Every structure is written in C-alpha cells, then in structure tokens.
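Reader: I would like a close look at a single part of this model. Please pick one element and take me through it in a connected way.

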Amino acid sequence: MKSPMKDAEVRVLNHFGTLLELARHDELMLRRVVELRAQVEACLIYHRDAVELRRKEGLEASARLVARGRGKAIMDEIRSRVSVLRRMRSDVVSEQGAMG
C-alpha cells in the first residue's frame with residue numbers, strides 16, 4: 001500500500017516533466033525549472049526525514065527538527081523560485097501579445 005506522502009511525491013515530480021517540456025525552448029526558464037525541482041526534492045527529503053524521525057523517536061524529536069526552521073527556509077526558497085517563474089511566464093505572454 002502506498003502512503004499519501006509517496007503518492008504526493010510521485011504527482012509533484014510528474015508535474016516537473018510537464019514543466020520541463022514547456023520550458024524546453026527557453027534556456028533560462030529551463031535552468032530555473034531544474035533548480036526549482038532540486039529545491040522541491042530537498043523539501044521532500046526534509047519531510048521524509050521528519051516523518052521517519054517521528055516514527056522512530058516520537059513527536060518531540062520531530063517537533064525539535066521543525067522548530068529549527070529548515071523546512072520553512074526550504075519552502076520560502078521554493079515560493080521565491082515559483083514567483084520568479086511566474087513573472088518569467090507573464091513576461092513571455094506579454095511579449096507574445098505585443099507581437100501579435
């Protein structure tokens with residue numbers, strides 16, 4: 001039986017296949033998508049570690065890990081990278097509208 005977390009991991013990583021395909025003609029955007037994927041993978045590892053720590057050592061150990069703020073820092077970086085990609089996409093759409 002697959003866990004909900006594993007299912008979510010598979011879905012999110014599959015979405016990167018679509019993103020990579022969409023960005024394939026724009027070298028800068030492609031690089032940014034690859035960097036975002038690396039950050040998302042770091043986030044997934046962090047969450048796997050937190051879940052495993054809770055299983056092995058209990059809630060308090062997991063809470064101490066979360067209190068260190070690394071997970072929040074990773075998510076802040078992901079949000080920042082997504083924001084950059086959205087602006088890049090908006091710029092491309094605006095340029096295409098100006099040309100058409």
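Author: What follows is a close look at helix α2 (residues 27-57).

The model is predicted, so local features need pLDDT of at least 70 and side-chain atom pairs count only at pLDDT 80 or more, while totals for chains, interfaces and linings use all residues. Residues are numbered from 1 along each chain as its sequence is written, and side-chain values use heavy atoms, with hydrogens and water left out.

Start with the setting. The chain has 4 helices and 0 strands. Its elements run α-α-α-α from the N terminus on. Helices (H or I, at least four residues) and strands (E, at least two) are DSSP runs, numbered from the N terminus. Of the 100 residues, 21% count as buried. Buried means under 20% relative accessible area, exposed means over 50%, and partly exposed lies in between (1.4 Å probe, protein chains only). Take the contacts in the chain with a separation of 6 or more: residues 24 or more positions apart account for 65% of them. Contact means heavy atoms within 4.5 Å.

Now the pairing of α2 with helix α1 (residues 4-23). Their axes come within 10 Å and cross at roughly 175°. Axes are lines fitted to C-alpha atoms, for helices over the stretch in contact, and angles run from 0 to 180 degrees between N-to-C directions. The two helices are therefore roughly antiparallel to each other. The cut-offs are under 35 degrees for roughly parallel, over 145 for roughly antiparallel and 65 to 115 for roughly perpendicular, with the rest oblique.

Which residues meet here? On the α1 side they include Met5, Glu9, Val12 and Phe16. On the α2 side they include Met29, Val33, Leu44, His47 and Arg48. By class, the contact of α1 with α2 has 15 nonpolar, 1 polar and 4 charged residues. Ala, Val, Leu, Ile, Met, Phe, Trp, Tyr, Cys and Pro count as nonpolar, Asp, Glu, Lys and Arg as charged, and the others, Gly among them, as polar.

Glu9 deserves a look. It lies in α1. Glu9 is buried, with a relative accessible area of 4%. It touches Leu44 and Arg48, not counting residues up to four places away in sequence.

His47 lies in α2. At 34% relative accessibility, His47 counts as partly exposed. The C-alpha atoms of His47 and Met5 are separated by 9.1 Å, although the two residues are 42 apart along the chain.

Next comes α3 (residues 59-67). It packs with α2 at an angle of about 150°, with the axes 7 Å apart. α2 and α3 are therefore roughly antiparallel to each other. Tyr46, Ala50, Leu53, Arg54 and Glu57 in α2 meet Leu59, Ala61, Ser62, Leu65 and Val66 in α3. Those residues divide into 7 nonpolar, 1 polar and 2 charged.

The buried residues of α3 are Ala61, Ser62 and Leu65. Seen down the axis of α3, they fall within an arc of 95°, so they line one face of the helix. The arc is that of the directions from the helix axis to the C-beta atoms. What covers these buried residues includes α2. On the other side of α3, Leu59, Glu60 and Ala67 are exposed. Just after α3, Gly69 takes a positive phi of about 90°.

Last, the side of the story with α4 (70-99). Gln39 of α2 touches Ile74, Glu77, Ile78 and Arg81, leaving out residues up to four places away in sequence. Gln39 is buried, with a relative accessible area of 18%.

Ile78 is found in α4. It is buried too, with a relative accessible area of 10%. With residues up to four places away set aside, Ile78 touches Leu36, Gln39, Val40 and Cys43. Ile78 and Val40 are 38 residues apart in sequence and 6.9 Å apart in space, C-alpha to C-alpha.

How do these helices share a core? The largest nonpolar core has 17 residues, of which Met29, Val33, Leu36, Val40, Ile78 and Leu85 touch the most other members. The elements that give two or more residues to this core are α1, α2, α3 and α4. The largest share, 9 residues, comes from α2. A nonpolar core is a set of buried Ala, Val, Leu, Ile, Met, Phe, Trp, Tyr and Cys residues joined through side-chain atoms within 4.5 Å. Leaving aside its neighbours within four places in sequence, Leu85 is in contact with Met29, Arg32, Val33 and Leu36.
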